[in-house]
Amino acid sequence: MHIDTRFARFDAAPGDPCRPTSTPIYQTATFEQESALEFGRFDYTRSGNPTRTVLEDKLAELEGGRFGFALASGMAALSTLLRAAFSLDVTPTSRGSLIVGSDLYGGTTRLIERLVAPLGVTVSSVDTTDLQAVREALANPSSGPTWILLESPSNPLLRVSDIPAIAELAHASGARLAVDNTALSPYLQNPLALGADVVAHSGTKHLGGHGDVTAGALVTRDEGLAEAIGFLQNAEGTALAPFDSWLLLRGIKTLAVRVAQENRNALEVAKFLERHPAVSKVHYPGLPSHAGHDLLKKQARGTGGLLSFETKDPAFSRAICESTKLFTIAVSFGSTNSTISLPCKMSHASVPDQAIKQGRIAPLPADLVRLSIGLENPGDLIEDLKQALVCSQQSEAKLKPRAGPLLH
Ligand code: PLP
């Protein structure tokens, strides 16, 4: 079956005698039991709910895994994964080692720096686009499990890591690989098929797709890991609620067309920005000039709707954000409408200062602007950016003269 069909059509309510074509929302906290000693398939929504089960099975199928988990947010998913990976619920010492990609969502860095490392996990930040650096990081022996966690493409610099090669390096040294696949969605990339051991998502992005739900997901084929994740999901009560599960299911039905259109639009926008003299650098792996272009073509079915660019002038970048009319200034990405943001001040402002000062995390360029491209007409988006670049140049010119002509 073609991938588009798998997103659009699925059994919405397995075993339901009424045969609804949309999954019913089981908005109930408890389920009546046959007797005091018989629990039945479901007993309590924190532990299991039929709406969530349809979603979790669908997530597992779309990512090519055996076990899917829907959680309250992307951060709940990543936190649960790291707690399961390092037995943070069970063993008080001997945690092991976590090698993280050097470009990660700011909240993930905060989670690792403030909550995971203090529990005894040795964390090292590595440029995972450099296989030699990964090899060297893996060569450091660890007293517990070793995991690699990366985003590919990463948020917000859109760096592409070689997932199959890193999985091979990890497995050869007894380590395991987790990939945050939020940027591309399961429509464009399936890390488990590329060798990863577990895949994570912020469902708030493409899976939900309409900016109206906060959600997270984990998918794995590993039974032991799945057992640990399932235990934490129930014990800590981080499972996704029934209505939010339904919103995600609804989002998944249109994901293929949304992501394909966002991908086409983003390429147009990236090409425009690359030609603009006021833009010093564009980060978009769909451009042949991007360092990860060829690699991404090998391991993914598209390049997504997320891109970022630099201008060499943070004040100018801020003015661009504030001069756009179609782009909403907002954190997050993967929604139907296009958004614009300054990662340094917004989505990545939570990276602890100490980690940057101590050189553990490289600071993001202060002039970096991130765009999440939605479903608007690409011509309208380009016109809006064009006028914003001109407006910003003019308002900046009032403050200080800029060299070079304005582009119209
Ligand atoms: N992973 C990535 C790549 C993200 O960009 C985000 C949020 O922006 C998250 C995880 C966290 O997801 P959530 O905001 O749903 O908790």
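In strand β12, S372 is the bridge partner of T339, and this pair belongs to a predicted model. Strand β11, which spans residues 339-341, and strand β12, which spans residues 369-372, pair in the antiparallel sense over 3 bridges. Beyond these strands, the briefing covers the surroundings of the ligand, the cavity, and some backbone features.

**Sheet**

- Strands β11 and β12 take part in an open sheet of 5 strands with mixed pairing, in which the order runs β8-β9-β12-β11-β10.
- The edges of this sheet are formed by β8 (281-283) and β10 (328-329), each of which pairs on one side only.
- As a general point, the strands of a sheet pair through backbone hydrogen bonds, and the sense of pairing is either parallel or antiparallel.

**Ligand surroundings**

- The ligand has 14 residues around it, and those that come nearest are M75, D180, S202, T204 and K205.
- M75 places a backbone N or O atom 2.9 Å from an oxygen atom of the ligand, whereas K205 uses a polar side-chain atom, which lies 2.8 Å from an oxygen atom of the ligand.
- D180 also approaches with a polar side-chain atom, in this case at 2.6 Å from a nitrogen atom of the ligand.
- Of the 390 Å² of accessible area that the ligand has on its own, the protein covers 91%.
- By residue class, the shell around the ligand divides into 5 nonpolar, 6 polar and 3 charged residues.
- Among the contributors to this shell, helix α3, which covers residues 74-85, gives the most, with 3 residues.

**Cavity**

- The structure holds 1 cavity of 30 Å³ or more, and the volume of the largest cavity is about 60 Å³.
- In general, empty space left between atoms is shown by rolling a probe the size of a water molecule over them.
- The lining of the largest cavity consists of G101, S102, D103, D127, T128, T129, E151, S154, R159 and S161.
- No nonpolar residues occur in the lining of the largest cavity, which divides into 6 polar and 4 charged residues.

**Backbone features**

- The loop between β4 (146-151) and α6 (163-172) contains P153, and the peptide bond that joins S152 to P153 is cis, with an omega of about -10 degrees.
- P156 is likewise placed in the loop between β4 and α6, and the peptide bond leading from N155 to P156 is cis, with omega near 15 degrees.
- S154, which is one of the residues that line the largest cavity, follows P153 in a loop that lies between β4 and α6.
- S185, a residue other than glycine, has a positive phi value near 75 degrees, and S185 is found in helix α7, which comprises residues 185-188.

Key:
Residues numbered from 1 in each chain as written. Predicted model: local features only at pLDDT ≥ 70, side-chain atom pairs only at ≥ 80, totals over all residues. Heavy atoms only, no water. Near = heavy atom within 4 Å. Polar contact = N/O pair within 3.5 Å; in protein donor to acceptor, adjacent residues only side chain to side chain. Areas by Shrake-Rupley, 256 points an atom, 1.4 Å probe, with all protein chains shown as cover. Helix = DSSP H or I, 4+ residues; strand = E, 2+ residues; numbered from the N terminus. Nonpolar A, V, L, I, M, F, W, Y, C, P; charged D, E, K, R; others polar. 1 Å grid on protein atoms, 1.4 Å probe; cavity = no way out; pocket = protein on both sides within 12 Å on 5 of 7 lines; lining within 4 Å. Points joined across faces, edges and corners; volume = space filled by probe spheres on them. Pairing = 2+ DSSP bridges.
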